[in-house]
Amino acid sequence: DIYFNSVGKGGCMNLGVAPDRSGLVCEADVRSLEAFGNLLHTLFSVNYAASAVASASHVRAWQPEPNQKNPYAPANVTDGDRYSYWAVDDTVTNAALTLTLPAVAEFNVVRLRENIKLGHRVDGFAVDVWQNNEWKEYVSGQSIGACRLLRGAKVETDKVRLRITRAAACPCISDLGLFDTPAALDQKE
């Protein structure tokens, strides 16, 4: 919960681990941090959106050079590069991006990122899932920023849609990822 409420909202997570008088971290803390790191590695090891086909309601206009990749293409949200991005024209502040997954996937974590080098732009968004031949809102929020992690109930779908409902400037989305929490994180103590 602390991770999702800090890093998952674009902040830093204070681990609260201090070295002892010899300058070393105690073994119990090292084991705990390794276990925590392993859980995070497991959580983010399979991104169900990585091989999705992306489409969008709007894409920024551009004049391509021969053999040039579209620098604003919807597919940029799944390429693993934090600084490539999908963008729309300057006058567009409401837009939608749809991912069609290669197969039905089960997930309960959505990761969104803006290209933070261009500033925080999104002020409202929703993520929808395709179920029973219609879109159903899954999660929503007011900001994305450098990293936004949203947890919801486990859901199965082969289509996901990001709707930007409000933005201070044209959105520049660099990542839309879908993940399933490891069993160890699903257990409540």
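In this predicted model, the largest nonpolar core comprises 32 residues, among which Leu112, Phe125 and Leu162 have the most contacts inside the core. Two or more residues are given to this core by each of the strands β3 (95-114), β4 (122-131), β5 (134-141), β6 (148-167) and β7 (172-179). The largest share, eight residues, is supplied by β3. A second core, separate from this one and made up of eight residues, includes Leu43, Val109, Cys147 and Phe179. The surroundings of Phe125 were examined with residues up to four places away in sequence left out; under that condition, Phe125 touches Leu112 and Leu162, together with Ser140, Gly141, Gln142, Ser143, Ile144, Arg148, Leu150, Arg163, Ile164 and Thr165.

These cores belong to a protein with three helices and seven strands, whose elements follow the order α-α-β-β-β-β-β-β-β-α from the N terminus on. Along the principal axes, the C-alpha atoms fill a box of roughly 60 × 40 × 30 Å. Of the 189 residues in the protein, 39% are buried, and the accessible surface amounts to about 10500 Å², with 49% of that area belonging to carbon and sulfur atoms. Among contacts between residues at least 6 apart in sequence, 74% join residues at least 24 apart.

Charged side chains were considered next. In general, side chains of opposite charge can pair when their charged atoms come close. The count of salt bridges in the model comes to 10. One of these salt bridges is formed by Arg60 and Asp90, with the closest N and O atoms 2.6 Å apart; this pair links distant parts of the chain, since Arg60 is placed in the loop between β1 and β2 and Asp90 in the loop between β2 and β3, 30 residues apart. The two partners differ in accessibility class: Arg60 has a relative accessible area of 18% and is therefore buried, whereas Asp90, at 56%, counts as exposed.

A salt bridge between strands is formed by Asp175 and Arg113, whose closest N and O atoms are 3.9 Å apart. Here, too, distant parts of the chain are linked, with Asp175 in strand β7 and Arg113 in strand β3, 62 residues apart. Asp175 counts as buried at 7% relative accessibility, and Arg113 likewise counts as buried at 14%.

Asp175 also takes part in a polar contact of 2.5 Å with the side chain of Arg111. Arg111 is found in strand β3 and is buried, because its relative accessible area of 13% lies under the 20% limit for that class. Apart from residues up to four places away in sequence, Arg111 touches Phe44, Asn47, Cys147, Arg148, Leu149, Asp175, Leu176, Gly177 and Phe179. Among these neighbours, Cys147 and Phe179 are members of the second core.

The side chains of Arg163 and Glu137 meet in a salt bridge with an N to O distance of 3.1 Å, which links Arg163 in strand β6 to Glu137 in strand β5, 26 residues apart. Arg163 is partly exposed, with a relative accessible area of 24%, while Glu137, at 53% relative accessibility, counts as exposed. Through salt bridges that share partners, Asp128, Glu137, Arg161 and Arg163 are joined into one network. Arg163 is also one of the residues touched by Phe125.

Two sites in loops complete the description. Lys69 is placed in the loop between β1 (53-56) and β2 (86-87) and, with a relative accessible area of 54%, is exposed. Its side chain makes a polar contact of 3.4 Å with the side chain of Asn76; with residues up to four places away in sequence not counted, Lys69 touches Trp62, Asn76 and Asp79. The C-alpha atoms of Lys69 and Asp20, which lie 49 residues apart along the chain, are separated by 52 Å. Val17, in turn, is placed in the loop between α1 (2-6) and α2 (27-44), and is partly exposed with a relative accessible area of 31%. Together with Leu15, Val25 and Leu33, Val17 forms a nonpolar patch on the surface, and the four residues have about 270 Å² of accessible area together.

Key. Residues numbered from 1 in each chain as written. Predicted model: local features only at pLDDT ≥ 70, side-chain atom pairs only at ≥ 80, totals over all residues. Heavy atoms only, no water. Patch = residues over 30% accessible without salt bridge, like charges linked within 9 Å, V, L, I, M, F, W, Y side chains within 5 Å. Areas by Shrake-Rupley, 256 points an atom, 1.4 Å probe, with all protein chains shown as cover. Helix = DSSP H or I, 4+ residues; strand = E, 2+ residues; numbered from the N terminus. Buried < 20%, exposed > 50% of the residue type's maximum accessible area, 1.4 Å probe, protein only. Contact = heavy atoms within 4.5 Å. Polar contact = N/O pair within 3.5 Å; in protein donor to acceptor, adjacent residues only side chain to side chain. Core = buried A, V, L, I, M, F, W, Y, C linked by side-chain atoms within 4.5 Å.
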